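Where does this protein leave open space at its surface, and what kinds of residue border that space? The paragraphs below follow the pockets one after the other.

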Amino acid sequence: MKFLALEEWAAASAAYDADLPPYWHAKIVPDAFTALSGVLWSASYILMANSGFKDKSYAMPIYSLCLNIAWETVFGFVYGPGLLNQIVFAQWMVVDAFLVYTTVKYGRHQWRQQPMIANNLGLIMAVGIFLALSLHLAAAATFVPVIGRRVVPFTAWILQVFISIGSLAQLISRGHTQGHTLGIWFVFRLLKVLAQIIQSLGQD
């Protein structure tokens, strides 16, 4: 197995671009919802960062943040599915920087009962992102030759599940809602996921 499947990705993208949809909206609508999904995801990120600064906490579980940053890097720039998606992914990564900052700065308080974690959050984030990058690159190299562009929504849905489970576990373990708001859940869980469902239907 090759480390990168860029030739297979280029072939899948060329086939997608050359494919004539049965209806005029078959590609336009998913592209529009790609943009909407990106805006809503960015909004949820901004709400998370704002809540983190306000509550002196962080919202996204550490492992989810590492997986998200790595996913956005791999499927936004290594296996970029087009200019629109790259623009969307780039804006996510800008806001990611604030999420990482709130995690490292305020996470020490959340982990004060575990000094080894509290004092090494920056290193934990760096190692976590590196491992997540390796995981996503391996997944892409394995599945791009098999399912082509569909690897993007499939892996995204897996991350959605991880974020959901991790966020619930984080709330339960903390025993408080600092770093979280109903606005984050409404934008992220309802609107954003609905937009992503429609977007995924257009992936080939």
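In this predicted model, the lining of the largest pocket divides by class into nine polar, seven nonpolar and two charged residues. Those 18 lining residues surround about 440 Å³ of space, and the ones that lie nearest the centre of the largest pocket are Tyr-58, Gln-110, Trp-111, Ser-173 and Arg-174. When the lining is traced back to secondary structure, three helices, α3 (62-78), α4 (83-110) and α7 (151-174), are each found to supply at least two residues to the largest pocket. Of the contributors to this lining, α7 gives the most, namely four residues.

The second largest pocket, which holds about 190 Å³ of space, has a lining with ten nonpolar residues, two polar ones and no charged residues. Its nonpolar side chains can be picked out by name, since the lining includes Leu-67, Leu-135, Ala-139, Phe-143, Ile-147, Val-151, Phe-154, Ile-158, Leu-159 and Phe-162, while His-136 and Thr-155 also belong to the lining and fall in the polar class.

Which helices border this second space? Both α6 (121-147) and α7 supply at least two residues each to the lining of the second largest pocket, and α7 gives the most to it, with six residues. Helix α7 is therefore a useful element to follow when moving between the two sites, as α7, a helix by the DSSP assignment, gives the most to the lining of the largest pocket and also the most to that of the second largest pocket.

Notes
Residues are numbered from 1 along each chain as its sequence is written. This is a predicted model: local features need pLDDT of at least 70, side-chain atom pairs count only at pLDDT 80 or more; totals for chains, interfaces and linings use all residues. Side-chain values use heavy atoms; hydrogens and water are left out. On a 1 Å grid over the protein atoms alone, a cavity is a set of points where a 1.4 Å probe fits but cannot get out, and a pocket is an open set with protein on both sides within 12 Å along at least five of seven lines; lining residues have an atom within 4 Å of a point. Grid points are joined across faces, edges and corners, and a volume is the space filled by probe spheres set on the points.
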